[in-house]
Amino acid sequence: QVQLVERGGGLVEAGESLTLSCAASGTDISRNEMAWYREPPGQQRELVATIFSSGDTYYSDSVKGRFSITRDNVKNTVFLQMNSLRFEDTAVYYCSIPTHRGIPYWGRGTQVTVSS
């Protein structure tokens with residue numbers, strides 16, 4: 001079974017940094033497209049960052065230059081380094097494999113709260 005577990009969320013002040021991790025089991029992350037999404041309170045879930053199997057990355061305009069998505073293939077773990085955090089970054093962050101053999105997978109999410 002494919003499972004994703006996010007860790008690292010918490011309460012931080014604006015301007016500080018935080019790193020999230022996503023430990024995967026049941027598949028090698030190096031063979032999959034991996035993504036981080038977030039869901040601000042009262043808003044729709046939105047794509048934050050993607051790392052493709054090639055190693056190429058994508059970032060939404062709102063986080064470009066501040067966030068960085070990386071992977072550790074040995075540990076089978078994806079990370080999201082978040083710098084210069086803002087109040088509007090407050091959300092539940094989800095790790096995702098958009099498609100693995102035609103099926104999407106999601107973690108349960110981790111809360112990130114940024115105080116202004």
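**Exercise 1. Find how many salt bridges the whole structure holds, and examine some of them.**

Solution. Searching the whole structure turns up five salt bridges. The model is predicted: local features need pLDDT of at least 70, side-chain atom pairs count only at pLDDT 80 or more, and totals for chains, interfaces and linings use all residues. Residues are numbered from 1 along each chain as its sequence is written, and side-chain values use heavy atoms, with hydrogens and water left out.

Step 1: apply the criterion, a side-chain nitrogen of Lys or Arg within 4 Å of a carboxyl oxygen of Asp or Glu. Arg 38 and Glu 46 pass, at 2.7 Å from N to O. So do Glu 39 and Arg 45, whose closest N and O atoms are 3.2 Å apart, and Lys 64 with Asp 61, at 3.4 Å.

Step 2: look for shared partners. Arg 38, Glu 46, Arg 66 and Asp 89 are joined into one network this way.

Step 3: check accessibility. Buried means under 20% relative accessible area, exposed over 50%, and partly exposed in between (1.4 Å probe, protein chains only). Arg 38 is buried at 4%, while Glu 46, at 30%, is partly exposed. Lys 64 and Asp 61 are both exposed.

**Exercise 2. Locate the disulfide and describe its link.**

Solution. Step 1: look for a pair of cysteine sulfur atoms within 2.5 Å. Cys 22 and Cys 95 fit, with 2.0 Å from S to S, and the structure holds one disulfide.

Step 2: place the partners. They sit 73 residues apart, Cys 22 in strand β3 (residues 18–25) and Cys 95 in strand β9 (residues 91–100). Strands here are DSSP runs (E, at least two residues), numbered from the N terminus.

Step 3: read the handedness. The angle about the S-S bond is -75°, and the link is left-handed. Cys 22 and Cys 95 are both buried.

Notes. Helix = DSSP H or I, 4+ residues; strand = E, 2+ residues; numbered from the N terminus.
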